[in-house]
Amino acid sequence: MPASDALPPGPNLFATFDFIRNPFRFLDACAARYGDWFTVRVPGVSPFVFTSDPAAVREVFLGDPDALHAGEANRPLGAFMGARSSLFLDAPEHLRQRRLLLPAFHGEQMASHADAMRTAADNAIASWPTGKQFALHPQMRAITFETIIRAVFGFGDDESGSELRALMRQLFELYSSKLGTLFSLPAMQIDAGRWSPWGRAVRLTRQIDAILFEEFARRRSDGVEGRADILSMLLAARYEDGNPLPDAVIRDEMYTLMLAGHETTAATMAWVINRLLTNPNVMDRARAEVVSVLDGKQLEASHVGKLKFVESVINETMRLDPVVPNIGRGLKRPMTIAGRALPADVTIAPCIYLVHRRPELWPNPTQFNPERFFESRQTPYTFLPFGGGPRRCLGAAFASYQMKIVIAEILSRVELKPADGYVASATRKGIAFAPSDGLPVIATRRSL
Ligand code: HEM
């Protein structure tokens, strides 16, 4: 019997299409039918064994990184970022490179990005129409894109970053389009000239690379002392042997940070607003907290830690609407995980969405109740919106900090109402799942 026949049962290919159309509905249906373990098969790739058992999640996160390869499972994304990104490496190379990135993403560094995050939010909010319906999710993407340009790439209001902004915006629009999402398939990577989708991506990438490499050289020669942006920290970083990160690696990491960082955070913030719109009492309470914490002043770093209720709202949203609903680790050898024997070459997929809805962990699991986060009894294996173990999201502190700032700015500056009859479902947007139809809303301004 081939080893894969011993895998847990799961949906057929036809049912699996629903993962693209409506992933949350698909996962609910699989859990109802198959329980804590099921196998999802997609032609041409090794089977995904989904699990929502926290004991299994724990074993995966604490397991041997030599046997549980995340980099390999992420590799289809290499088309977007370049293969030298830490996202695609596995132990020990992964650890070596991640160590150089970690200090820039430490929680203590976040205060230095507060201005960039607030400015990006305020500029976007000021441009929103009043009294007229508009899609909020693209606005969230504009905010997170601009935040990365400022805080990660280190470009401010002057002209120097304008060409990079314009080119990157075009490239990432292309990536998050329906066609662009398919770029991970080698068959789609055909350069048939600059009018073909992949050909356009190749040309935009070339132009962006030229700007980036020139900028790296400029900063290396001018020095980066006194700069708080993440690119400058990477340029200054040294391996244990004293060598710097090669420019080509920094280039791939910069694309990774833009791609991994802006779609996920934007989609999460769109879900937060959707939850606030459908829970007006929670909206009122969150706004009251923001008004009291800011006390008529401009938001700054010292306010962020005080936004406790806003933080619970964000956590409760990430529990119910995780924009990355599962993660994956490719098994390099047969393993027994939570008592279940699995063959080599399958991908074990801890299912964030389903762990977050287990009734024994989360009473009344489908109820939106931020207060449940007040008395925190979660573990890294029961609340895992950012994944876990040695591959836990590098930008978790960055995203959490930014989301508090942006949500607080929105609550203090505008009143939002949902579009008539709108009910959100999850739809793929780039590498994340976002509310359908861009989350249509109507805004009116508040006096500050
Ligand atoms: C709410 C926003 C975000 C969510 C929900 C999110 C979620 C995730 C998840 C689930 C993973 C996979 C973890 C695993 O396999 O265990 C991940 C990895 C990663 N994320 Fe995030 N992310 C967010 C924001 C960001 C931001 C803002 C950045 C950077 C600016 C970022 C950079 C990364 C990187 C570099 C990795 C790969 C880490 C590694 O393999 O060592 N993410 N993220």
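This is a short tutorial dialogue on reading a helix, a ligand shell and a loop residue in a predicted model.

User: Let's begin with helix α3. What span should its twelve residues have, and how far apart are its end C-alpha atoms?

Analyst: A handy rule is a rise of 1.5 Å a residue. For α3, residues 23-34, that rule gives an expected span of 16 Å, and the end C-alpha atoms are 16 Å apart, so the two agree.

User: Which residues of α3 are buried?

Analyst: The general idea comes from the turn of a helix: an α-helix has 3.6 residues a turn, so residues three or four places apart point the same way. Here the buried residues of α3 are P23, F24, F26, L27 and C30. Looking down the axis of α3, you find its buried residues within an arc of 160 degrees, so they line one face of the helix.

User: And which exposed residues sit on the face of α3 turned away from that buried side?

Analyst: Those are A32 and R33. Just after α3 comes G35, which has a positive phi, near 85 degrees.

User: Now the ligand. Which residues come nearest to it?

Analyst: There are 26 residues around the ligand, and the nearest are H94, R98, R329, R391 and C393. To read such a site, look for polar atoms facing the ligand's oxygen atoms. H94 has a polar side-chain atom 2.7 Å from a ligand oxygen, and R391 has one at 2.9 Å from a ligand oxygen. G388 takes part through its backbone instead, with an N or O atom 3.0 Å from an oxygen of the ligand.

User: Which elements give two or more residues to the shell?

Analyst: They are α7 (93-101), α14 (247-278) and α19 (396-413). The largest share, six residues, comes from α14. Sorted by class, the shell has 15 nonpolar, eight polar and three charged residues.

User: Which protein atom is the donor of the ligand's iron atom?

Analyst: For a metal, check which protein atoms serve as donors. In this model the only protein donor of the iron is SG of C393, at 2.3 Å. C393 is placed in the loop between α18 (352-355) and α19.

User: One last residue: where does V45 lie?

Analyst: V45 is in the loop between β1 (37-40) and β2 (48-51). Its relative accessible area is 46%, so V45 counts as partly exposed. Remember to compare positions along the chain with positions in space, too. V45 and D345 are 300 residues apart along the chain, while their C-alpha atoms are separated by 9.7 Å.

Definitions and conventions: Residues numbered from 1 in each chain as written. Predicted model: local features only at pLDDT ≥ 70, side-chain atom pairs only at ≥ 80, totals over all residues. Heavy atoms only, no water. Helix = DSSP H or I, 4+ residues; strand = E, 2+ residues; numbered from the N terminus. Expected span 1.5 Å × (residues − 1). Buried < 20%, exposed > 50% of the residue type's maximum accessible area, 1.4 Å probe, protein only. Arc of directions from axis to C-beta. Near = heavy atom within 4 Å. Polar contact = N/O pair within 3.5 Å; in protein donor to acceptor, adjacent residues only side chain to side chain. Nonpolar A, V, L, I, M, F, W, Y, C, P; charged D, E, K, R; others polar. Donors = N, O, S within 2.8 Å, 3.2 Å for Na, K, Ca; no water.
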